[in-house]
Amino acid sequence: MNKKTPLPATYRWLVASRSVAAIFGGYLLAAAWAASMSLWLQKTGMARVDAVSTATMSSFVVHLCAAIWVFAVASTRRAWLGIALPAALLAALAWLARAVAGGAA
Amino acid sequence: MRPDSKPEGIRQSMSWLHTWTGIVLGWLLYAVFFTGTLSYFLDEVNLWMKPELHASVPGADAAQTAAVALAGMQKLAPNAGTWTLELPNERQTTVSASWRDRNAAAGRAGTKRAELDAATGAKIEARETRGGSFLYRFHFELHAMDRVTGRWIVGIATMFMFVAIISGVITHKKIFAEFFTFRPRKGQRSWLDAHNATAVLALPFHIMITFSGLLLLMGTLMPWGAESAYGGDRQAYNMERRGMVPGGQQGQQGQQDQGGGAGREGREGGGREGRGGRSRDGAGAPPVDLAAAIVPMMAQARAEWPDHAVGRITVNRPNKPGTTVELRAHGSDSLTTRGASARLVFDAATGKIKERPPLPTPSAASAFGNVFTSAHMGRFAGPTVRWLLFLSGVVGTAMVATGLVLWVVKRAPERRKLGRTPFGHRLVEVTNIGVVTGLALATGAYFWLNRLLPVAMAERAAWEINGFFLAWLAALVHAAVRPPRAAWKEQCIAVAALFVLLPVLNPLTGGHGLSTSIPLGQAGIVGFDFAMLAIAALFGWIARHLIRKDRPAAQAAQPAQPVLKEVTP
């Protein structure tokens, strides 16, 4: 970072892109985790209030790991994929849990 | 992240992440840490800022204090539906009374409060002040903005802190070796060592305080679990989490089907209509003389709880048939219950124990959350633990401050090479001074104004807070116009002077000074004065260090040195 040459514009864009992935992408991933785990933990027999608390408390760790992942991997594309794929998967799981519950009720 | 996009190790990329998450929200985090650390003495600050309360000195006999206070309530609010009395303890000199009139508005709005003299039961009129609550609220909601917005800003900063801490741990793989490494008077190296040492020294505290901070704000920051599992009814989730039945005001039944029996007892007896008041078996009997009836009840409680004093007395339906008195133990035996403590409910007419409500047994999930959040707030911590938390907070504040300074120091060679100070560097430098010492100055000014503003002044509490922000602004301006080294030094001296004189100001403006509070055993007032002296000593030590370092430099007068000196406080 202590280079005397001005930083290339592409570098700045990559940093901005990864920051967005870590902050907002990471938040979306954590939110999908919280929503999905709240529903699925209930299905393991955990009380509803405890399922929500467990899912929400752990979601902050998910966000943390996501942020670290984004800045640790070599390529920005992999960083984004590592956020988007699990987030989509969790969102699908949340939808599935809803659908199963709706069918049962 | 490397500009040339060559591969790099995880430690380098984490170092990069650590620096940038740290500097972006470092100032806000410093303010959160600083005011949060002071909030470990919230009760003490509140007490100090109302010197009128210092004159209340409880006698040795708690039962006598309770009797006097109940007699006082009889004069103050004979027609109330409930009385709640917090008895004096090591952090509180008075009896804090609150009551709810019949047909009072729900929640806090319907609750009236007063401080009673512990020896006489008379109401004490204290000055108007937000006290320590301003610093406490500022610590997680900031000021002059919507509460939710403030919580989001602090929450985002906390998340950054969490990332900064964990990436810092990854960066410093030789973390314990570094803890024992300190190379003083080596410029940048020393700052790095100081930053590492303060970080590692209290690492468990930092992780606990940051993670639990997120948990405390999770209702705002991460509502999506409750949103999905409760179909958008967040309130129902919050009620269940606190162990209350949703919509529980009207009926005890409701949605008891979910969630097992854990933590279902109403946690907060105060202010809420207790369960005891419904029985009418005393109908027709004359009202009970509670001041007399409380003495044997207190004796029974002492026999039941040899390790705990009585902390709170709740009287339901005073002066009406079927009066009940609930005694609650002071302090809890467990952090997992979020401080729930043992209770005894008496029938006031007979003086017999009517109910022994069981302590809640929290589920694993709520026990986990309770341990973290109770530890964060120092709930029910004794004096030793409270001082340890305070000192950990000081270390954490120092960690953020040294990190901020390190950012500037690290860029000193770059500056020298350029032959000028880039605007960004100067901005960080000025803000560092204006925040690190400026906030301490503002807090000192806040305490001074509490004693110097006229007691009868209109909008007094608001002007104490305005003074806080004006002093802070003045510190920022001062940092901008003075050379950085001089600004650091002058502000440190000012902070040390402001804080060291507070224990002197205290008795001169109506409070109990140390010569009175120590013999009377008023631990809360003594604790505040000592905390202020500790802060004064810390800033005085820094100031002395800066002055000493200046002297040989001035004598030697080397032309190469001052450039570096300018940025190295």
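Before we look at a loop, a quick word on names: helices, of at least four residues, and strands, of at least two, are DSSP runs numbered from the N terminus. What you have on screen is a predicted model.

With that naming in hand, let's visit Arg317(B). This residue sits in the loop of chain B that joins strand E5 (310-316) to strand E6 (324-329). Its phi is near 55 degrees, a positive value, and Arg317(B) is not a glycine. Is Arg317(B) buried or exposed? Buried means under 20% relative accessible area, and Arg317(B) has 15%, so it counts as buried.

Now hop along to Glu459(B), in the loop between helix H16 (423-452) and H17 of chain B. Here too we have a residue that is not a glycine with a positive phi, of about 50 degrees. Glu459(B) has a relative accessible area of 56%, so this one is exposed.

Next, how confident is the predictor? For the whole model, the scores are ipTM 0.89 and pTM 0.85. Chain B has an average pLDDT of 84, and 86% of its residues score at least 70. Which helix of chain B has the highest confidence? That is H17 (residues 460-481), with a mean of 97, while confidence is lowest in helix H22 (residues 561-567), at 43.

Please be careful with two stretches. Residues 246-282 of chain B have a pLDDT below 50, and the model gives them 63 contacts beyond near neighbours in sequence. Residues 557-569 of chain B also stay under 50, with 25 contacts beyond four places in sequence. Where pLDDT is low, the predicted coordinates should not be read in detail.

Thanks, everyone!

Note on methods
Residues are numbered from 1 along each chain as its sequence is written. Chains are lettered from A and ligands numbered from 1 in the order in which they are written. This is a predicted model: local features need pLDDT of at least 70, side-chain atom pairs count only at pLDDT 80 or more; totals for chains, interfaces and linings use all residues. Side-chain values use heavy atoms; hydrogens and water are left out. pLDDT is the predictor's confidence in each residue, from 0 to 100. Contact means heavy atoms within 4.5 Å. Buried means under 20% relative accessible area, exposed over 50%, partly exposed in between (1.4 Å probe, protein chains only).
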